[in-house]
Amino acid sequence: MLSQHSSVLVVDDESALRKALRTSLTASGFDVEEARSGEEALGTVQQHQFDLVLLDVSMPGMSGIDACRRIRGISPQAGIVMVTVRDQEDDKVRALEAGADDYVTKPFKLRELTARLRAVLRRTRMSEAVEPVVLRAGNLEMDLHDRILRRNGEEIHLSPKEFDLLAFMMKNAGAPLTHVKLLRTVWGVEYGNELEYLRSYVRMLRKKIENDPSNPEYILTEPWLGYRFRDPSDPDSPRESAQDD
Amino acid sequence: MGDQYLRGLGMSARVLIGSLAATLLTLACYRLHADFASVIPLYVLLVVLQALTGDFRSCVIVAVISTACLDLFFTEPLFSLRIDHPLNALALAAFVITSLVITRLVARVREEAKSAKLQKERLNRLYQLAQQLLVLDPDAPLGEDFLKPFRRLFGIRAVCVFEADSAELHLVGDSRELATKTRDAYIRGLDLDDADARVAVRRLRTSGQLDGAIGFEGLEDPAETAGALTALTAALLERKIAFHAASASAAAAQTEIYRSAMLDALAHEFKTPLSTILAGVGGMREAGPLTAEQEGMADTVENEAARLGKLTSRLLRTARLDNEHIRPRLELVDITAVVAQLIRQYSARSSDRTIFLTDGQEPVQALADPELIRLMVGQLIENACKYSRPGSVVTIAVQRQGEFILIRVSNNGSSIPRNERSRIFERFYRGEDAKRSTTGTGLGLYVARKIALAHGGALDLETEEQGDQVTFCLKLPTTKDELKHALTA
């Protein structure tokens, strides 16, 4: 398993939660270290390399967002997962902008957390490898070289922007992508506020690739934040979203 | 009475002095053998002087005496009231008219000056009264402190005020009947003037509403003053009422802020312990193989903790929407798809209710905030499930009607009492049955309607008079075609 012997630094001011996470994540096969605050986490990260950092967004003292930015500076290869509270979408956006790879929202089930951690771990490792020419997810197959998308082997016509958008999403399968990030990457740095652009492209893409565009399984909406491309064949990529509450 | 006597005495003295002066003048002129033409101006002067110092009546008397003296001593034949020469008669007539006109004019000027002075004094007293009353605590009843300045400044024997709001009656001064008369005026809604008892009672009106009455006993010229005093009292009463309303609404607003803040803090505080419970249960499962029974227990703990977490999130989100101005992030939303998704979700959750879409297989698009729509329609479906009996049917219909999209959520097996219908959208309102049967914050429908309104739509209750069907109708404006085109282009 990928997570075998992966090291995690759990940063949280709540000792009961730290303890529970240490026990549970250890049982799930991670090597766990703890830090009680952002400041302590920075010190620990400077001394040891971690594969993953699980970082609470709201802590007394240094905020989780600041800690995230600084850990990212010290340890660029570590996967950072922020622990947020569901209703604070702003926190999630700021966390992603500060360099976090993903987030989980309190309260989370252990299985959810370990799935997220494994997915982040895999993505950070994958990015070190050579980028593949063909991307696959579920029934989709994207040839980046010839710019062709196939669904169940049949070619699907995409406009150049649609292709770029989907390609970027598929390359970052499993990762939350903010509206701003998608717009800037696909349309250009001068973009960022043209949400309607993005939404209409996502609508088109869903019509072309989803079985039921109203109940998508590939391009999931992250409410008030952006989108997340999901590979249905990935066991660590559940279809849950914030909509089910 | 003494006043009148003194006034009479003053007038007699002035008449005496005027007559004496006329006699002396006549005597002197007669001795000096002055002729008629040259003495006339001297008499005119005398009358003017009399007019300047005396009142109208004394002037008239002096003028008559002067005319008689002129006639007797200076016109032929002397010592007779007869006048031989017509020119002399004309001159005498001119003298009489001139002196009377002068007298009248001077008297009028003096009267006007006197009444202006009185008016000024009255205004001054009113001003002082207003100043003294305005420094009083706006929240205090219109009691003794309020009434004393009236008495002091206007020399009233007694003053009484009746406040309808508290039904309190305050009286200052010595009067047995004023209190009864004041209350009576309020009850009958009529002003009262009793000249014999020198009592004037006026109704107090604020913002067109009858709020009490004020009565004066022994007020000088009530026709002039009572109106002004009443207006002043009404203004202060209005200030008191406004002050009350403002402080009451401030207190209510404060309570609501606390309440929302409490909800918010509570919901947040729940999340960490819930995460700990979930991490603990997950860890137990990872740590060792559990028996089937233990596995089942772990599932229960995990699911219930997760459920509590979701409830908390919902509570938090509702509390937030309640507190803030809702600004929908509009996009083209297929309402039917959103509703279909919600039905799937709620069907999975409440297996003992049947939820289905009766109308609206066609996609219907609206420019709306999908998250808010989901929240609002979800709330309606949840209510329909929550307040109906197990086994009930919940139906949802999506229809287009002119410029609007109508989403109707109905359930059978429950009803909303008539007296509660107008109140169910109120903040924190919970129906009597609802309070007994299920838990809730009383925010759901309030927030749902707020969301509908923020979209330019509406949320209403449609209930038949009889029957056990409750239907909520949500109305959303459809998208203008050109806008839709621009968005999908």
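The questions and answers below concern a predicted model of chains A and B.

Q: Why is K181(B) called partly exposed?
A: K181(B) has 19 C-beta neighbours inside 10 Å. A residue is buried with 20 or more and exposed with 12 or fewer, so a count in between makes it partly exposed. K181(B) therefore falls in the middle class.

Q: Where does K181(B) lie, and what does K181(B) touch?
A: K181(B) is part of helix α6 of chain B, residues 178–188. Leaving out residues up to four places away in sequence, K181(B) touches L192(B), V199(B), V201(B) and G215(B). The C-alpha atoms of K181(B) and I214(B) are 9.5 Å apart, although 33 residues separate the two in sequence.

Q: Why does H33(B) count as exposed?
A: H33(B) has 6 C-beta neighbours inside 10 Å. The limit for exposed is 12 or fewer, so H33(B) meets it. H33(B) sits in the loop between α1 (2–31) and α2 (36–53) of chain B.

Q: What makes the phi of H33(B) worth a note?
A: Phi of H33(B) is near 55 degrees, which is a positive value in a residue other than glycine. D221(B) also has a positive phi, near 30 degrees, and is not glycine either.

Q: How do you know whether D221(B) is buried or exposed?
A: The count for D221(B) is 10 C-beta neighbours inside 10 Å. With the limit for exposed at 12 or fewer, D221(B) therefore counts as exposed. D221(B) belongs to the loop between β5 (209–217) and α7 (222–287) of chain B.

Q: What makes V8(A) stand out in the largest nonpolar core?
A: The core has 49 residues, and V8(A) is among those that touch the most other members, together with L52(A), V53(A), C68(A) and M82(A). Helix α5 of chain A, residues 110–128, gives the most to this core, with seven residues. Not counting residues up to four places away in sequence, V8(A) touches L25(A), F30(A), D31(A), V32(A), F50(A), L52(A), L54(A) and L117(A). A second core of 39 residues is separate, and includes L342(B), M376(B), Y446(B) and L476(B).

Q: Why are β10 and β11 of chain A said to stand at the edges of their sheet?
A: The sheet is open, with three strands in the order β10-β12-β11 and antiparallel pairing. β10 (176–178) and β11 (219–222) each have a single partner strand, so one side of each has no neighbour in the sheet. Ignoring direction, neighbouring strands of this sheet are turned by 35 degrees against each other on average.

Q: How do you know that β11(A) and β12(A) pair?
A: Pairing requires at least two bridges. β11(A) and β12(A), the latter being residues 226–229, have four bridges, in the antiparallel sense. The requirement is therefore met. In β12(A), Y227(A) is the bridge partner of T221(A).

Q: What makes β1 and β2 of chain A a parallel pair?
A: Strands β1 (residues 6–11) and β2 (residues 30–35) are joined in the parallel sense over six bridges, set against a minimum of two. S6(A) stands opposite F30(A) in β2(A). With α1(A), the two strands make a right-handed β-α-β unit.

Q: Which element gives the most to the side of chain A that touches chain B?
A: That element is α1(A), with seven residues. In total, 28 residues of chain A are in contact with 33 residues of chain B. The elements that give two or more residues to this side of chain A are α1 (15–27), α5 and α8 (195–209). By class, this side has 11 nonpolar, seven polar and 10 charged residues.

Q: Where are the cis peptide bonds that precede P107(A) and P77(B)?
A: The bond from K106(A) to P107(A) is cis, with omega near -10 degrees. P107(A) is in the loop between β5 (102–106) and α5 of chain A. In chain B, a cis bond joins E76(B) and P77(B), with omega about -15 degrees. P77(B) is in the loop between α3 (56–74) and α4 (86–134).

Q: What share of each chain counts as buried?
A: Of the 245 residues of chain A, 42% count as buried. Chain B has 489 residues, of which 31% count as buried.

Terms used:
Residues numbered from 1 in each chain as written. Chains lettered and ligands numbered in written order. Predicted model: local features only at pLDDT ≥ 70, side-chain atom pairs only at ≥ 80, totals over all residues. Contact = placed C-beta atoms within 7 Å. Core = buried A, V, L, I, M, F, W, Y, C linked by C-beta atoms within 7 Å. Nonpolar A, V, L, I, M, F, W, Y, C, P; charged D, E, K, R; others polar. Axes fitted to C-alpha atoms, helices over the stretch in contact; angles between N-to-C directions. Right-handed = clockwise from strand over helix to strand, strands pointing away.
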